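Thank you all for making time this morning. I would like to walk you through one model, taking the sheets, the helices and the packing in turn.

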Amino acid sequence: KLEADDQRNAALRGLAKYLASVADDIRTDKPQSALLLAVEAVRTTRDVDGTIITEAQAALHRALASATGVPISARGDHLFSPGGHRVATLDRNRGRVEVWDLNAPKTPPKAMNIKAGGGSLIAFSDDARWIVSQDPDEIVVWNVDTPSASPLRLRAHTASKAKVHGFSPDARWLATSDDTARVYLWQLDNLSAEPVTLAGHK
């Protein structure tokens, strides 16, 4: 077990060092995204064993010194994909979501437009292909691997208090519900189809 713990900790330190390096690489052009990456670099080890590697701490200090504009650290304004190779950021004022590939940080982000003035990023699917956002009026699903495709607005919710519950582990389904005590299961590869509806859930 000690050997496994050592291997895990070494992998986490490597990931933290990588995130810190990417934060430094994009800091001049994308200071807000660099700040997010530096924070994630710090958290990668701190949240597990309480330590912070020197590179992450230094990257955070440099990012804090460079960051300008409207902070995007509030919940719902940024979201890391499982595995950490993508990060989505939300500009509520413009109603714009941008998804960055951390393996190619100098590549322009993939972008989609949502309703301006509100909304939150909710989740990535486990394979990082899909992202879902929500505001009080609509739930929006987007295939990040097909940026030219329009995001799909889920239409089954005619009642209020629509809620996203999450993606299935195999990234084939998205579960939502509303205040009619129904759960809706959406097939991600065919979102235009009617969802499977499960009634009677409270």
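**Two sheets, a bent helix and two cores**

Let me begin with strand β11, residues 182-187, which is joined to β12 by four bridges, the two strands running antiparallel. Please keep in mind throughout that this is a predicted model. Within that pairing, Tyr 184 has Thr 197 of β12 as its bridge partner. These strands belong to an open sheet of four, ordered β9-β10-β11-β12 and paired in antiparallel fashion. Its edges are β9, at 163-167, and β12, at 196-199, each of which pairs on one side only. From one strand to the next, the twist in this sheet averages 20°.

There is another open sheet of four strands, in the order β5-β6-β7-β8, and here too the pairing is antiparallel. Which strands stand at its edges? They are β5, residues 120-124, and β8, residues 152-153, and because each has a single partner strand, one side of each is left without a neighbour in the sheet. Further in, β6, residues 130-135, and β7, residues 138-143, run antiparallel and are joined by six bridges; Trp 130 stands opposite Asn 143 of β7.

Turning to the helices, I will spend most of my time on α2, which has 19 residues and reaches 28 Å from its first C-alpha to its last, close to the 27 Å expected at 1.5 Å a residue. That helix nevertheless bends by about 30° at Arg 43, and just after its end Gly 50 takes a positive phi of about 85°. Its buried residues include Pro 31, Leu 35, Leu 36, Leu 37, Ala 38, Ala 41 and Val 42, and among them are also polar ones such as Gln 32, Ser 33, Thr 44 and Thr 45.

How buried is Ala 41 in this helix? Its relative accessible area is 0%, so Ala 41 falls under the 20% limit for a buried residue. Leaving aside neighbours within four places in sequence, Ala 41 is in contact with Ala 16, Leu 19, Ala 20 and Ala 56. The C-alpha atoms of Ala 41 and Leu 60 are separated by 8.3 Å, although these residues are 19 apart along the chain. For Ala 58 in helix α3 and Val 42, 16 residues apart along the chain, the corresponding C-alpha separation is 9.7 Å. Ala 58 itself, at 25% relative accessibility, counts as partly exposed.

On helix α1 we find Asn 9, which at 16% relative accessibility counts as buried. Setting aside residues up to four places away in sequence, Asn 9 touches Val 48 and Asp 49.

Finally, the packing as a whole. In soluble globular proteins, nonpolar side chains tend to be buried together. Here the largest nonpolar core holds 21 residues, of which Leu 37, Ala 38 and Leu 102 touch the most other members. The elements giving two or more residues to this core are α1 (2-26), α2 (31-49) and α3 (54-66). A second, separate core has 14 residues, including Leu 79, Ala 88, Leu 90 and Val 144.

What does Leu 102 touch, once residues up to four places away in sequence are not counted? Its contacts are Tyr 18, Leu 19, Val 22, Leu 37, Phe 80, Gly 84, His 85, Arg 86 and Val 87. I will stop there and take your comments.

Conventions: Residues are numbered from 1 along each chain as its sequence is written. This is a predicted model: local features need pLDDT of at least 70, side-chain atom pairs count only at pLDDT 80 or more; totals for chains, interfaces and linings use all residues. Side-chain values use heavy atoms; hydrogens and water are left out. Two strands pair if DSSP finds at least two bridges between them. A nonpolar core is a set of buried Ala, Val, Leu, Ile, Met, Phe, Trp, Tyr and Cys residues joined through side-chain atoms within 4.5 Å. Buried means under 20% relative accessible area, exposed over 50%, partly exposed in between (1.4 Å probe, protein chains only). Contact means heavy atoms within 4.5 Å. Axes are lines fitted to C-alpha atoms, for helices over the stretch in contact, and angles run from 0 to 180 degrees between N-to-C directions. The expected span of a helix is 1.5 Å times one less than its number of residues. The bend at a residue is the angle between axes fitted to the seven residues ending there and the seven starting there.
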